[in-house]
Amino acid sequence: MPRPIQATIHPCALRHNLARLRSIARDAHVWAVVKANAYGHGLENVFEGLRGADGFALLDLSEASRIRALGWRGPILLLEGVFEPRDLELCSRLHLWHVVHCDEQIDMLALHKTHEPHRVFLKMNSGMNRLGFTPQRFRSAWTRLNALPQVDEISLVTHFGNADGPLGIAEQMARFDEATRDLPGERNVSNSAATLRHALDTAAKSDWIRPGIALYGSSPDFPEHGCVDWDLQAAMSLNAKIIAVQDVPIGGSVGYGALFVAEQPTRVGVVSCGYADGYPRICPTGTPVLVDGVRTRTLGRVSMDMLAVDLSEMPEAGMGSTATLWGKASNGALLSIDEVAQAAGTVGYELMCGLSVRVPVGVSQDLQPA
Ligand SMILES: *Cc1c(COP(=O)(O)O)cnc(C)c1O
């Protein structure tokens, strides 16, 4: 028997979340952002649930090839553009659209031999100082691109650094507006947080939106809002089994470093999930976990292959019970990945992306979300 741990992807949750974002962004086309192997869910596992999107946005050429291999003939966007000249050959061959964020990428395009011109997304650095041309240099980049026979339509892109927090998007939005006012081309500015929190302010710039995290059912601005507040459903559940039970007397400790010491007799379940599966080692005693769909807490330090949970109040639970580390339990109870991420001092994104390759991933056949 394989080690009892399994991640399950829920296509109906993906479909639901996509529909949610579509309804918020009204007329906008939707890129389903599937970089990092669909935020750890697996490209092939999410494809069915997300194929209602207008396009797939990602970073790796190998991932673009995988999407084409699944039969997708629609748009694919490379969010960081190309890294070297020969990448442009694959763009021509697979009809990939690509971001252009620096002079070097324009240089490469100018030397590229292609039968069909490329659709490109010119990126502005509107204040995040990651990728893109400054507002001052944006127009000259556009003019240079526009003069190239290798280039077809030019869309205009920027990315917000604070759409999820109190700083908001106003300043970056104003810079983008000012510098693009009389330029033609479709606008594409919003990630999940901007779509959910700033739909009114971005409506005029939303020919396309680029949600990632919300599609997977994690809230981009947790804990201000949780996935339930945004009406998003968890697209991934991580379940494992209890493989041992220990009755720990007062004064007994649990796990490496004896970080948990029982102050009363404590019934401990040992779960077949550890940090080598992608469960954060830093999660302290008290991190929420579901056992047979009932909420309890972790105890002591997370090991490589196991972690301990408190069964003291759960006499029915024991050997063979199912622990839900995040996502949905079979009784429909939900433990949001955002709560576990918070206990680890991080965000849902990192937990999803960190699911280890040794964890088998299945796709749920449920027709209705739990
Ligand atoms: C990852 C990414 C997104 C999606 O961001 P979420 O916060 O996951 O919605 C959008 N645009 C760009 C450029 C990205 O790199």
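How do the residues of the shell around the ligand divide into nonpolar, polar and charged? I would like to start there this morning, keeping in mind throughout that what we have on the screen is a predicted model. The shell holds six nonpolar residues, four polar ones and three charged ones. Of these 13 residues around the ligand, the ones that come nearest are Lys-35, Tyr-39, Ser-192, Ile-213 and Tyr-349.

If you now look for where the ligand is placed, you will find it in the largest pocket, and we can go through some of its polar neighbours one at a time. Ser-192, which I have just named among the nearest residues, has a polar side-chain atom 2.5 Å from an oxygen atom of the ligand. His-159 also offers a polar side-chain atom, and this one lies 3.5 Å from a nitrogen atom of the ligand. With Gly-212 the partner belongs to the backbone, where a polar atom is 2.8 Å from an oxygen atom of the ligand. As for how much of the ligand is covered, it would expose 380 Å² if taken alone, and the protein buries 92% of that.

Let me stay with His-159 for a moment, since it leads us to another part of the chain. Its backbone oxygen lies 2.9 Å from a polar atom in the side chain of Gln-172, and Gln-172 itself is found in helix 8, which covers residues 170–180. The side chain of Gln-172 also makes a polar contact, at 2.9 Å, with the side chain of Ser-126. Is Gln-172 buried or exposed? Its relative accessibility is 7%, and because the cut-off for buried is under 20%, Gln-172 counts as buried.

Asn-129 gives us a contrasting case, as this residue is exposed, with a relative accessible area of 61%. You can find Asn-129 in the loop that runs between strand 6 (118–124) and helix 7 (135–146), and its side chain is joined to that of Asn-125 by a polar contact of 2.8 Å. Asn-129 and Gly-161 are 32 residues apart along the chain, and their C-alpha atoms are separated by 9.0 Å.

Finally, I would like us to turn to helix 3, which spans residues 43–50, and to ask why we describe it as largely enclosed by the rest of the structure. The reason is that six of its eight residues are buried, and those buried residues are Leu-43, Asn-45, Val-46, Phe-47, Gly-49 and Leu-50.

Note on methods. Residues numbered from 1 in each chain as written. Predicted model: local features only at pLDDT ≥ 70, side-chain atom pairs only at ≥ 80, totals over all residues. Heavy atoms only, no water. Near = heavy atom within 4 Å. Polar contact = N/O pair within 3.5 Å; in protein donor to acceptor, adjacent residues only side chain to side chain. Areas by Shrake-Rupley, 256 points an atom, 1.4 Å probe, with all protein chains shown as cover. 1 Å grid on protein atoms, 1.4 Å probe; cavity = no way out; pocket = protein on both sides within 12 Å on 5 of 7 lines; lining within 4 Å. Sits in = over half its atoms within 2 Å of the grid points. Nonpolar A, V, L, I, M, F, W, Y, C, P; charged D, E, K, R; others polar. Helix = DSSP H or I, 4+ residues; strand = E, 2+ residues; numbered from the N terminus. Buried < 20%, exposed > 50% of the residue type's maximum accessible area, 1.4 Å probe, protein only.
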